[in-house]
Amino acid sequence: MSSQVPLEIASFCKRCSDALSWTTENESCVELVRDELPILLFNKPLFAEILHSLVEGGGYPDLGHSTMFDNELLLHADSSRLFTLRMFLWGPGEYTVIHDHNSWGVIGPVSGVLGVFNYKREDDGSREEYACLIETEELRCLPGQTTFTLPLNQGIHKIGNPTQESMVSLSVYGKPLDRGYINGFDIDNDRIYKIFPPKSKKKMLAFQALAGLK
Ligand SMILES: [Fe+2]
């Protein structure tokens with residue numbers, strides 16, 4: 001595989017771009033993408049080819065692109081910032097921490113089973129570093145099935161791989177809020193904390209470390 005975006009992904013992204021240019025309403029965007037994403041989720045040969053290319057050191061997807069999570073790869077970023085398409089690779093039993101989002105998102109597995117835990121925030125957000133969550137839902141998605149998330153407190157979840165086999169999932173995220181971080185939640189200790197993309201975190205740490213070099 002070359003560094004070019006595969007045709008199936010390019011045409012999926014073109015359809016999303018056309019559809020999403022008509023609405024900015026989160027629920028409508030989620031609905032539109034939930035209609036389209038299964039077409040990619042059912043295309044196992046395409047993702048076998050993409051993974052093969054990754055293993056062989058091919059040019060697509062670009063491993064050097066900055067992401068929030070270390071199991072995340074950018075497959076496409078819309079030129080108008082309407083959405084991004086991302087692939088996540090999960091080892092056996094691996095889950096994210098509980099987190100919120102800066103945009104709507106549609107999520108589903110290409111292989112295996114995607115486990116999803118959804119949460120609701122019970123506190124009013126007025127206490128710094130404090131958040132009280134309750135689990136509201138546990139879902140399991142099979143290949144081709146999708147679930148969704150929404151920005152900020154409307155979309156607090158933890159997702160991952162409940163099985164003993166490695167698996168692949170896809171996520172489409174909408175235009176992000178200009179926040180620069182997501183919130184992570186420690187449900188056992190009622191704590192909320194900021195998670196920065198590694199690239200931003202390195203810059204912040206460099207800026208802070210400068211003080212010690214004066
Ligand atoms: Fe998420």
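What spacing do the donors of the iron ion follow along the chain? In this model, which is a predicted one, the pattern is H-x1-H-x55-H. Put names to those and you get His99, His101 and His157, each holding the iron ion through its NE2 atom, at 2.1 Å. As for the surroundings, His99 and His101 are both buried.

Okay, on to helix α2. This one runs over residues 26–41, so to speak, 16 residues in total. From first C-alpha to last, α2 reaches 22 Å, close to the 22 Å you'd expect at 1.5 Å a residue. Still, α2 has a kink of about 30 degrees at Asp35, shortly before the proline Pro38. Pro38 itself is on the list of buried residues in α2, and that list also has Cys29, Val30, Val33, Glu36, Leu37, Leu40 and Leu41. What do these buried residues pack against? Two helices, α1 and α3, plus the strands β2, β4, β7 and β9.

Now a few backbone oddities. Most peptide bonds are trans, and most residues other than glycine have a negative phi. Here, though, the bond from Tyr60 to Pro61 is cis, with omega near -10 degrees. You'll find Pro61 in the loop between α3 and β1.

Then there's phi. Arg81, in the loop between β1 and β2, has a positive value near 60 degrees. Leu152 is no glycine either, and its phi is positive at about 55 degrees. Leu152 sits in the loop between β7 and β8. Is Leu152 buried or exposed? Somewhere in between: Leu152 is partly exposed, with a relative accessible area of 33%.

Methods
Residues are numbered from 1 along each chain as its sequence is written. This is a predicted model: local features need pLDDT of at least 70, side-chain atom pairs count only at pLDDT 80 or more; totals for chains, interfaces and linings use all residues. Side-chain values use heavy atoms; hydrogens and water are left out. Helices (H or I, at least four residues) and strands (E, at least two) are DSSP runs, numbered from the N terminus. The expected span of a helix is 1.5 Å times one less than its number of residues. The bend at a residue is the angle between axes fitted to the seven residues ending there and the seven starting there. Buried means under 20% relative accessible area, exposed over 50%, partly exposed in between (1.4 Å probe, protein chains only). Contact means heavy atoms within 4.5 Å. Donors are N, O and S atoms within 2.8 Å of the metal (3.2 Å for Na, K and Ca); water is not among the atoms, so sites may look incomplete.
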